[in-house]
Protein chains: 2
Amino acid sequence: MPEKDLTHTAKKPKPNKAAYHHGDLRSTLLTAANVLLKETGIEGLSLRKLADKVGVSRTAPYHHFKDKNQLLCAIAEQGFVRWQSDANHIFNQTHVSPKDKYRQFFHGYICYAADNPELYDLMFGRTIWKQNSATSTLREVAYPSFSLQVDMTKQWQQQGLLPNNEHTLRLSQVTWGTMHGIARLLIDGIYADRSHIDEMCECAVNLFTLNMNSST
Amino acid sequence: MPEKDLTHTAKKPKPNKAAYHHGDLRSTLLTAANVLLKETGIEGLSLRKLADKVGVSRTAPYHHFKDKNQLLCAIAEQGFVRWQSDANHIFNQTHVSPKDKYRQFFHGYICYAADNPELYDLMFGRTIWKQNSATSTLREVAYPSFSLQVDMTKQWQQQGLLPNNEHTLRLSQVTWGTMHGIARLLIDGIYADRSHIDEMCECAVNLFTLNMNSST
DNA sequence: AAGCTTATGTTGACGGTGTCAAGATAACGA
DNA sequence: TCGTTATCTTGACACCGTCAACATAAGCTT
């Protein structure tokens, strides 16, 4: 990609015009924020730097996001959409055994987190959730991602992959907790690094899944 | 406790003296910081507020902590010491089956996190570890806490409680990951709350531990 | 006891942050 | 064409971490 000019994406109105009005500031801010997020992390992401990078005054973003928090929520939102798309790809595969799907899901989750550490931190970190500052639109995108976990757990139980005698909700809390925890240990650089991913996933899947007569 | 006067703990020098020199600022700052941490969370903990609370000028703390980071590391340090003491109590019990010890350890870990959410966040959160800003003294206190996890895992494997065919390090990464993940989900208020603790722990322990002929 | 050194505490200042208020500019609809 | 509204601007405020320069007192040496 040949170095997008963030100052002017300008798709909706006149295609180009060094104007007082930017034209498409909201989405421009979002893409620039994603870049800044990757470069400097959550701590380094400031509205002022962002505005500066986009070539607009400090307070311009406030006409598109009520808050810094709203900006963060919007970014997280995109993260959930992308992850949900990834997850659906895994689930909608045909001719793949339940266990392999489980394996792929587990592995995919960890890799998504490891590939987008700062984004993951925004999606599932305290910044947004701890102080109940999630936007209603973010909640609407995020909650399905939560309940998907429960649905899949129930299905895996029915397929005999996961133990049937455990409460579905508890079981999905524990399995998700495991993925979340491993992801966090990786991201925060505690006690685990990327080179362990494959083996850790394999180990976890072995622990959780029962032996099935069909497939691996 | 009758409302400790943080302005003057003054243990080492003259017991009381409204003096220019505080006498025991470092430890006073630490205890006040712990209070402030609980009240306002990590985000709300500022050096200026802390100094103000203790009744000292903004920059006085800098004579006892090079950095805000050093202050945070010192707090985390205390957290590790306390947790390690808790953990040792569990391990050093006699007449308790391995499985019950495992159960207690798991449950104790989650409860410690749930009871001290902000402290836990400091101990295992990105604030300190992500940008490699941990003090050397913090590392010295924290690492044993990490390796304890591995040692215990190995022991549990030998006792037949955890599967023997898994790599000890991977297994302890996964089990610790699970505890860490559940703790985080609880702390950040995502998808789980305190009322689920007992059941989640029970579920996790059931999943991980093998059936033993002795004990429950 | 006097004086020098060092530890500790103080005020002032700088650059950074999020955010509000008031004003400038331009797009849009009647 | 004119008012309304959306958008963008500068100015200001209250925080924050931190450095420099200075004030005070404790402690050691002589």
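1. The expected span of a helix is 1.5 Å times one less than its number of residues, and helix α3 of chain B, residues 68-91, can be held against that rule in this predicted model. With 24 residues, α3(B) should span 34 Å, and because its end C-alpha atoms are 35 Å apart, the two values agree. Helix α4 of chain A, which takes in residues 98-115, gives a similar reading: its 18 residues reach 25 Å from the first C-alpha to the last, close to the 26 Å expected.

2. The overall make-up of chain A is helical, with 9 helices and 0 strands, so that the order of elements from the N terminus reads α-α-α-α-α-α-α-α-α. Of the 216 residues in chain A, 38% count as buried. Among the contacts of chain A with a separation of 6 or more, 63% are made by residues 24 or more positions apart.

3. Returning to α3(B), its buried residues are Leu71(B), Leu72(B), Cys73(B), Ala74(B), Ile75(B), Ala76(B), Glu77(B), Gly79(B), Phe80(B) and Trp83(B), a list in which the charged residue Glu77(B) stands beside Ala76(B). The elements of chain B that cover these buried residues include α1 (25-44), α4 (98-115), α5 (117-124), α6 (126-129) and α7 (136-158).

4. Which residues touch the most other members of the largest nonpolar core? In that core of 110 residues they are Ala33, Ala76 and Ala183 of chain A, together with Ala33, Ala76 and Ala183 of chain B. When neighbours within four places in sequence are left aside, Ala33(B) is in contact with Leu45(B), Leu50(B), Leu71(B) and Ile75(B); of these partners, Leu71(B) and Ile75(B) are also listed among the buried residues of α3(B).

5. In α4(A) the buried residues are Lys99(A), Lys101(A), Tyr102(A), Arg103(A), Phe105(A), Phe106(A), Tyr109(A), Ile110(A) and Ala113(A), and a reader may wish to look at Lys99(A), Lys101(A) and Arg103(A), which are charged residues within that buried list. The cover over the buried residues of α4(A) includes α3 (68-91), α5, α7, α8 and α9 of chain A.

6. The interface brings 34 residues of chain A into contact with 34 residues of chain B. On the side of chain A that touches chain B, the elements giving two or more residues are α5 (117-124), α6 (126-129), α8 (168-187) and α9 (197-208), and the largest share, 12 residues, comes from α8(A). By class, this side of chain A has 16 nonpolar, 10 polar and 8 charged residues.

7. How are the two chains related? Chain A can be laid on chain B with an RMSD of 0.1 Å by a turn of 180° and a shift of 0.0 Å along the axis, which is the relation of a two-fold axis. The interface agrees with this picture in that 100% of the interface residues of chain A are also interface residues in chain B, so the copies meet through the same surface.

8. A backbone detail deserves a check in each chain. Most residues other than glycine have a negative phi, yet Asn132(A) has a positive phi of about 45°, and Asn132(B) likewise has a positive value, near 45°. Asn132(A) lies in the loop between α6 and α7 of chain A, and Asn132(B) is found in the loop between α6 and α7 of chain B. Asn132(A) counts as exposed because it has 7 C-beta neighbours inside 10 Å, where the cut-off for exposed is 12 or fewer, and Asn132(B) is exposed with 7 other C-beta atoms within 10 Å.

Technical notes:
Residues are numbered from 1 along each chain as its sequence is written. Chains are lettered from A and ligands numbered from 1 in the order in which they are written. This is a predicted model: local features need pLDDT of at least 70, side-chain atom pairs count only at pLDDT 80 or more; totals for chains, interfaces and linings use all residues. A nonpolar core is a set of buried Ala, Val, Leu, Ile, Met, Phe, Trp, Tyr and Cys residues joined through C-beta atoms within 7 Å. A residue is buried if 20 or more other C-beta atoms lie within 10 Å of its own, exposed if 12 or fewer, and partly exposed in between; C-beta atoms are placed from the backbone. Two residues are in contact if their C-beta atoms, placed from the backbone, lie within 7 Å. Helices (H or I, at least four residues) and strands (E, at least two) are DSSP runs, numbered from the N terminus. Copies are superposed by least squares on the C-alpha atoms of residues with pLDDT of at least 70 in both.
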